Amino acid sequence: MHRCRFVLVPLAALIAGAGLAQGGDPLDSAACRQALDALRVQEDQARAGAAGRDRRETAARLEPLRRAAARACLGARGDPPSPPRRLAQPPIDVPRVPLPRATVPAPAAPPAPVARPPAPPVVVTTCDAAGCWASDGSRLQRFGTNLMGPRGVCSVQGVVLSCP
């Protein structure tokens with residue numbers, strides 16, 4: 001039963017298509033050629049006398065011929081939808097909507113400055129005959145009883161260095 005349906009449906013479509021194809025092309029029909037010729041004659045006359053006529057009058061006279069040509073050549077059924085009667089519309093007046101005022105908060109007091117913790121003191125780590133090494137990685141040259149650092153003479157109080 002199912003195989004029969006699969007064979008009958010395409011067969012019916014082929015028969016229907018063949019029946020439509022036998023009707024011929026409507027663009028090659030005599031009615032189409034006559035309607036197009038009548039339309040061309042009227043359009044040529046409208047172009048020749050276009051200076052003295054109103055465009056609306058010319059369009060109104062050609063419109064029925066154009067519809068007849070469309071029906072004969074394209075097989076159109078019914079008239080096309082009518083154009084909109086009003087293209088331009090007046091502007092729409094919309095009342096202004098007041099926006100709520102934004103409340104600005106009072107400026108906050110600037111934050112209190114954060115005190116930085118003091119840097120750890122620089123201490124002498126090791127010494128030799130020529131000088132000492134400090135905990136910050138600098139080399140201090142021996143200058144008599146004092147040590148000379150990169151920025152000048154340093155004083156030693158125990159193991160803590162005080163350099164300018």
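This is a short tour of a predicted model, moving from its sheet to its core and its disulfides.

**Stop 1: the whole sheet**

Select the six strands together. They form an open sheet in the order 1-2-3-4-5-6, with antiparallel pairing. Strand 1 (124–127) and strand 6 (160–162) stand at the edges with a single partner strand each, so one side of each has no neighbour in the sheet. On average, neighbouring strands are turned by 35° against each other, direction ignored.

**Stop 2: strands 1 and 2**

Start at one edge. Select strand 1 and strand 2 (residues 131–134), which run antiparallel and are joined by three bridges. Pick Val-124 and look across to strand 2: Ala-134 stands opposite. Now pick Thr-126; its bridge partner in strand 2 is Trp-133. The two strands are joined as a hairpin, through three residues.

**Stop 3: strands 2 and 3**

Keep strand 2 and add strand 3 (residues 139–143). This pair is antiparallel too, with three bridges between strand 2 and strand 3. Label Gly-131; the residue opposite in strand 3 is Gln-141. Then follow the backbone through the turn. Four residues lie between the strands of this hairpin, and Gly-137 in the turn has a positive phi of about 90°.

**Stop 4: strands 3 and 4**

Move on to strand 4 (residues 146–149). Strand 3 and strand 4 run antiparallel, joined by three bridges. Phe-143 stands opposite Asn-146 in strand 4. Which residue takes a positive phi in the hairpin of strand 3 and strand 4? Select Gly-144: its phi is positive, near 70°, in a hairpin with two residues between the strands.

Stay on strand 4 and show side chains. In a regular strand, side chains alternate between the two faces of the sheet. Here Leu-147 and Gly-149 make up the covered face of strand 4. Asn-146 and Met-148 are on the uncovered one.

**Stop 5: strands 4 and 5**

Add strand 5 (residues 152–157), which runs antiparallel to strand 4 and is joined to it by three bridges. Met-148, on the uncovered face of strand 4, has Val-153 in strand 5 as its bridge partner. Strand 4 and strand 5 form a hairpin with two residues between them.

**Stop 6: Val-159**

Continue past strand 5. Val-159 sits in the loop between strand 5 and strand 6. Is Val-159 buried or exposed? Val-159 is exposed, with a relative accessible area of 51%. Now show its contacts. Leaving aside neighbours within four places in sequence, Val-159 touches Val-122, Val-123 and Val-124. Draw a distance from Val-159 to Ala-134: C-alpha to C-alpha, they are 9.5 Å apart in space, and 25 residues apart in sequence.

**Stop 7: the nonpolar core**

Select Val-124, Cys-132, Ala-134, Leu-140, Leu-147, Cys-154 and Leu-161. These seven residues make up the largest nonpolar core. In soluble globular proteins, nonpolar side chains tend to be buried together. Two members you have already paired across strands 1 and 2: Val-124 and Ala-134. Another, Leu-147, belongs to the covered face of strand 4.

Centre the view on Cys-154. Leaving aside neighbours within four places in sequence, Cys-154 is in contact with Leu-140, Asn-146, Leu-147, Gly-149, Leu-161, Ser-162 and Cys-163.

**Stop 8: a disulfide at strands 1 and 2**

How many disulfides does the structure hold? It holds two. For one of them, select Cys-127 and Cys-132, whose sulfur atoms are 2.0 Å apart. The link is right-handed, with 105° about the S-S bond. Colour the pair by accessibility. Cys-127 is partly exposed, at a relative accessible area of 48%. Cys-132 is buried, at 2%, and belongs to the largest nonpolar core.

**Stop 9: a disulfide between helices**

Leave the sheet. Select Cys-32 and Cys-73, joined by a disulfide with an S to S distance of 1.8 Å. Cys-32 lies in helix 2 (residues 30–48) and Cys-73 in helix 3 (residues 55–74), so the pair ties together parts that are 41 residues apart in sequence. The torsion about the S-S bond is about 100°, so this disulfide is right-handed. Both Cys-32 and Cys-73 are buried.

Notes:
Residues are numbered from 1 along each chain as its sequence is written. This is a predicted model: local features need pLDDT of at least 70, side-chain atom pairs count only at pLDDT 80 or more; totals for chains, interfaces and linings use all residues. Side-chain values use heavy atoms; hydrogens and water are left out. Buried means under 20% relative accessible area, exposed over 50%, partly exposed in between (1.4 Å probe, protein chains only). Two strands pair if DSSP finds at least two bridges between them. Axes are lines fitted to C-alpha atoms, for helices over the stretch in contact, and angles run from 0 to 180 degrees between N-to-C directions. Contact means heavy atoms within 4.5 Å. A nonpolar core is a set of buried Ala, Val, Leu, Ile, Met, Phe, Trp, Tyr and Cys residues joined through side-chain atoms within 4.5 Å. A disulfide is a pair of cysteine sulfur atoms within 2.5 Å.
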